[in-house]
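This report describes how the helices of one protein pack against each other, how its aromatic rings are arranged, and where its backbone takes uncommon conformations.

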Amino acid sequence: MNTALSHARPLIADQEQADQIIAKHQDRPGKLLSILEELQERHPRKYLPMEVLDYVAAKTGLPPAQVYSVATFYALFNLQPQGENKICICRGTACHTRGSRNLLERLKLQLSVKESDEEGSADKVSLTTPDGKFTLRTVACFGQCALAPVVEVNHSILGHVNEQALQREIDTLSGRRK
C-alpha cells in the first residue's frame, strides 16, 4: 500500500466503497471514466471532490493531472456539489436565437444565483442555490435544434420552452403550484 495513503487521515467518506468501485473497473479499458462516473453517482451531492480525484489517482497509479484532466474535460463530471434538481439550458445557436439567453437570465434571477467575476460568460454556467435545491447549468448543444429553445429538467428534455413554462417547472419543483 502507498505509504502516503496509509498514514494520512481517510481521504474520502466511504473509502471501502471507493476501493470496491476501483477494483471492479481496474482491468477494464476506459477504467478511469467508469470509476469516476460511478463514484460521482454514489456521492450524495453527485460530484467529485478533489480528495476523491486524488484518491483515485493514488489507488490506480495514474498521474493526478490525468485524473483531473478527465474530470474537467467531460461535461458529465461535476467538481462542485449539485442541487437536488438540475436544470440545464442549451446555449447552442438555434436555442440562442430563440431566446435561451433570456431563459437563463430569468432563471438566475428567479433562483437568486449569480456568477462570480471569475466564472466567465453565460456560455458555461454551473450555479447551485445556497439551499442546495437547484443547480443551473448550461450546455453548448443538446442536438435538439428543432425543439429550440431546449431545457433539460432532471434529465427530461423540454422543447419550445418559454419563460412561463420554465416558471411553472420551477414552481412545481419548489412545491409551489400555481
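Axis angles of 65 to 115 degrees count as roughly perpendicular, those under 35 degrees as roughly parallel, those over 145 degrees as roughly antiparallel, and the rest as oblique. The model discussed here is predicted. Helix H3 (residues 31–42) and helix H5 cross at roughly 65 degrees, with axes that come within 11 Å of each other, and H3 and H5 are therefore roughly perpendicular.

**Overall make-up**

The protein has 8 helices and 5 strands, and from the N terminus on its elements run α-α-α-α-α-β-α-α-β-β-β-β-α. Of the 178 residues in the protein, 38% are buried. Among the contacts in the protein with a separation of 6 or more, 59% are between residues 24 or more positions apart.

**Packing of helices on H5**

Two packed helices are described by the angle between their axes and the distance between the axes. The table sets out these values for two crossings that involve H5.

| Helix pair | Axes come within | Crossing angle | Handedness |
|---|---|---|---|
| H3 and H5 | 11 Å | roughly 65 degrees | right-handed |
| H4 and H5 | 8 Å | roughly 130 degrees | right-handed |

In the contact of H3 with H5, residues Leu32, Leu33 and Leu36 of H3 meet Gln66, Val67, Val70 and Ala71 of H5. By class, the residues of this contact between H3 and H5 divide into 6 nonpolar, 1 polar and no charged.

Helix H4 spans residues 50–60 and helix H5 spans residues 64–73, and their axes cross at roughly 130 degrees, so that H4 and H5 are oblique to each other. On the H4 side the contact is made by Met50, Leu53, Val56 and Ala57, and on the H5 side by Pro64, Val67, Tyr68 and Ala71. The contact of H4 with H5 has 8 nonpolar residues, with no polar and no charged ones. Val67 and Ala71 of H5 appear in the contact with H3 and also in the contact with H4.

**Residues of helix H2 and their contacts**

Two residues of helix H2 are described here. Isoleucine 21 has its place in helix H2 and is buried, with a relative accessible area of 2%. Leaving aside neighbours within four places in sequence, isoleucine 21 is in contact with Ile35, Glu38, Leu39 and Arg42. Isoleucine 21 and isoleucine 35 are 14 residues apart along the chain, and their C-alpha atoms are separated by 6.3 Å.

Histidine 25 is also found in helix H2, which covers residues 15–25, and with a relative accessible area of 7% histidine 25 is buried. When residues up to four places away in sequence are not counted, histidine 25 touches Lys31, Ser34, Ile35 and Glu38. Ile35 and Glu38 are thus among the contacts of isoleucine 21 and of histidine 25.

**The aromatic cluster**

How many aromatic pairs does a search of the whole structure find? The search finds 2. Phenylalanine 73 and tyrosine 74 form an edge-to-face pair, at 5.0 Å centre to centre and with 90 degrees between the planes. Tyrosine 74 and phenylalanine 77 have ring centres 6.4 Å apart and planes at 90 degrees, so this pair is edge-to-face. Phe73, Tyr74 and Phe77 form one aromatic cluster.

The members of the cluster fall into separate accessibility classes: phenylalanine 73 is exposed, at a relative accessible area of 65%, tyrosine 74 counts as partly exposed at 32% relative accessibility, and phenylalanine 77 is buried, at 5%.

**Backbone conformations in loops**

Most residues other than glycine have a negative phi, and most peptide bonds are trans. Against that background, alanine 148 and proline 149 are joined by a cis peptide bond, with omega about -5 degrees. Proline 149 lies in the loop between strand E3 (134–139) and strand E4 (151–153).

Serine 112 has a positive phi, near 55 degrees, and has its place in the loop between helix H7 (100–111) and strand E2 (126–128); at 59% relative accessibility, serine 112 counts as exposed. Histidine 160 likewise has a positive phi, near 55 degrees, in the loop between strand E5 (156–158) and helix H8 (163–174). With a relative accessible area of 52%, histidine 160 is exposed.

How values were computed:
Residues are numbered from 1 along each chain as its sequence is written. This is a predicted model: local features need pLDDT of at least 70, side-chain atom pairs count only at pLDDT 80 or more; totals for chains, interfaces and linings use all residues. Side-chain values use heavy atoms; hydrogens and water are left out. Axes are lines fitted to C-alpha atoms, for helices over the stretch in contact, and angles run from 0 to 180 degrees between N-to-C directions. Helices (H or I, at least four residues) and strands (E, at least two) are DSSP runs, numbered from the N terminus. A crossing is left-handed if the near helix is turned anticlockwise from the far one by less than a right angle, and right-handed if clockwise. Contact means heavy atoms within 4.5 Å. Ala, Val, Leu, Ile, Met, Phe, Trp, Tyr, Cys and Pro count as nonpolar, Asp, Glu, Lys and Arg as charged, and the others, Gly among them, as polar. Rings of Phe, Tyr and Trp (its six-membered ring) pair if their centres lie within 6.5 Å; planes under 30 degrees apart count as stacked, over 60 as edge-to-face and the rest as tilted. Buried means under 20% relative accessible area, exposed over 50%, partly exposed in between (1.4 Å probe, protein chains only).
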